[in-house]
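This report is meant for a reader who is meeting the structure for the first time. It goes from the whole protein to the ligand site and then to single residues.

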Amino acid sequence: MKFFIDTANLSEIKQAMEMGLIDGVTTNPSLMAKEGKIDFKKHIAKICEMVPGDISAEVTSLDSEGMLKEGREFAKIASNVVIKCPLTLEGLKATRIFREEGTKVNVTLCFSAAQALLAAKAGASYISPFIGRLDDIGQNGMQLISDIVQIYENYDFETQVLVASVRSPMHIVDSALLGADVATIPFKIIQQLATHPLTDKGLDAFTADWKKSGIK
Ligand code: E4P
């Protein structure tokens, strides 16, 4: 399972890279906006230099023509840029054209298996089901991952399931059990994945015993 980091923050990306756990990065307009008055293309270029894997940069146009114009500019930034298009009919139209041009697309804002089926048919490289936002409204985000994995297996679709809107370490474990290809994870949850109270307790005991022992 690949791990992407779900952030546009360069410091978080640097720290996660140093952990040696990161295969790519996803950004979205809200994450970019958190970084203040940055130059979008320069910021994406910096991320692409820091991380050798796929870096998702999201279009903000709502019509396919606008998406194609933006995405073609983003694709010039670096060879590892993946264009993120919304799961709308316009987004799917743009996805098909990007696919024919040899540009990878991450189709985002997916909330149903039917939508995921359309994204695969349009030739998306990644589908991003937002599980946390489904859980937030009382629906079962993980069931959606299970359904999409099953449908893609049934037809040998090449589109990779990229679990998005992750809210807890269990989302990652459950996605891994279902065979999702990628999870995009906020920095805080990458840290939480490594943490267990019994590890901390055990380490404290080992450290105390070692200090008491006088061994040199
Ligand atoms: C990543 O591709 C998505 O944009 C992101 O995971 C959404 O997460 P959120 O629901 O926490 O905003």
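The accessible surface of the protein comes to about 11400 Å², and carbon and sulfur atoms hold 55% of that area. The model is a predicted one. Of the 216 residues of the protein, 45% count as buried. Taken along the principal axes, the C-alpha atoms fill a box of roughly 70 × 40 × 30 Å.

The protein has 11 helices and 8 strands. Among its contacts with a separation of 6 or more, 57% are made by residues 24 or more positions apart. One pair shows how far apart two points of the chain can be in space: the C-alpha atoms of Gly-202 and Asn-80 are separated by 42 Å. Along the chain, these two residues are 122 residues apart. Gly-202 belongs to helix α11, which covers residues 197–213. With a relative accessible area of 23%, Gly-202 is partly exposed.

**The ligand site**

The ligand sits in the largest pocket. Around the ligand are Asp-6, Thr-26, Asn-28, Lys-84, Phe-130, Arg-133, Ala-164, Ser-165, Arg-167 and Thr-184. Three of the polar side chains that approach an oxygen atom of the ligand are set out below.

| Residue | Distance from a polar side-chain atom to a ligand oxygen |
|---|---|
| Asn-28 | 2.7 Å |
| Lys-84 | 2.7 Å |
| Arg-167 | 2.8 Å |

On its own, the ligand has 340 Å² of accessible area, and the protein covers 84% of this.

**A buried histidine**

Is His-171 buried or exposed? His-171 counts as buried because its relative accessible area is 9%, and the limit for buried is under 20%. This residue is found in helix α9, residues 169–178. Leaving aside residues up to four places away in sequence, His-171 touches Ile-131, Gly-132, Asp-135, Met-142, Ser-165 and Val-166. One of these, Ser-165, is also among the residues around the ligand.

**The ends of helix α1**

Helix α1 spans residues 10–19, and Asn-9 caps its N-terminal end. In this cap, a side-chain oxygen of Asn-9 lies 3.1 Å from the backbone nitrogen of Ser-11. After α1 comes Gly-20, which has a positive phi, near 75°.

**Positive phi outside glycine**

Most residues other than glycine have a negative phi. Which residues depart from this here? Leu-109 is one of them, with a positive phi of about 65° although it is not a glycine. Asp-156, also not a glycine, has a positive phi of about 55°.

The two residues lie in separate elements. Leu-109 is found in strand β5, residues 105–110, whereas Asp-156 lies in the loop between α8 (141–154) and β7 (160–163). Leu-109 has a relative accessible area of 33%, so it is classed as partly exposed. For Asp-156 the relative accessible area is 66%, which means that this residue is exposed, as the limit for that class is over 50%.

Terms used. Residues are numbered from 1 along each chain as its sequence is written. This is a predicted model: local features need pLDDT of at least 70, side-chain atom pairs count only at pLDDT 80 or more; totals for chains, interfaces and linings use all residues. Side-chain values use heavy atoms; hydrogens and water are left out. Helices (H or I, at least four residues) and strands (E, at least two) are DSSP runs, numbered from the N terminus. Buried means under 20% relative accessible area, exposed over 50%, partly exposed in between (1.4 Å probe, protein chains only). Contact means heavy atoms within 4.5 Å. A polar contact is a pair of N or O atoms within 3.5 Å; within protein, one must be able to donate a hydrogen and the other to accept it, and residues adjacent in sequence count only if both atoms are side-chain atoms. A residue is near a molecule or strand if one of its heavy atoms lies within 4 Å of it. Accessible areas come from the Shrake-Rupley method with a 1.4 Å probe; for residues, only the protein chains shown count as cover. On a 1 Å grid over the protein atoms alone, a cavity is a set of points where a 1.4 Å probe fits but cannot get out, and a pocket is an open set with protein on both sides within 12 Å along at least five of seven lines; lining residues have an atom within 4 Å of a point. A molecule sits in a cavity or pocket if more than half of its atoms lie within 2 Å of its grid points.
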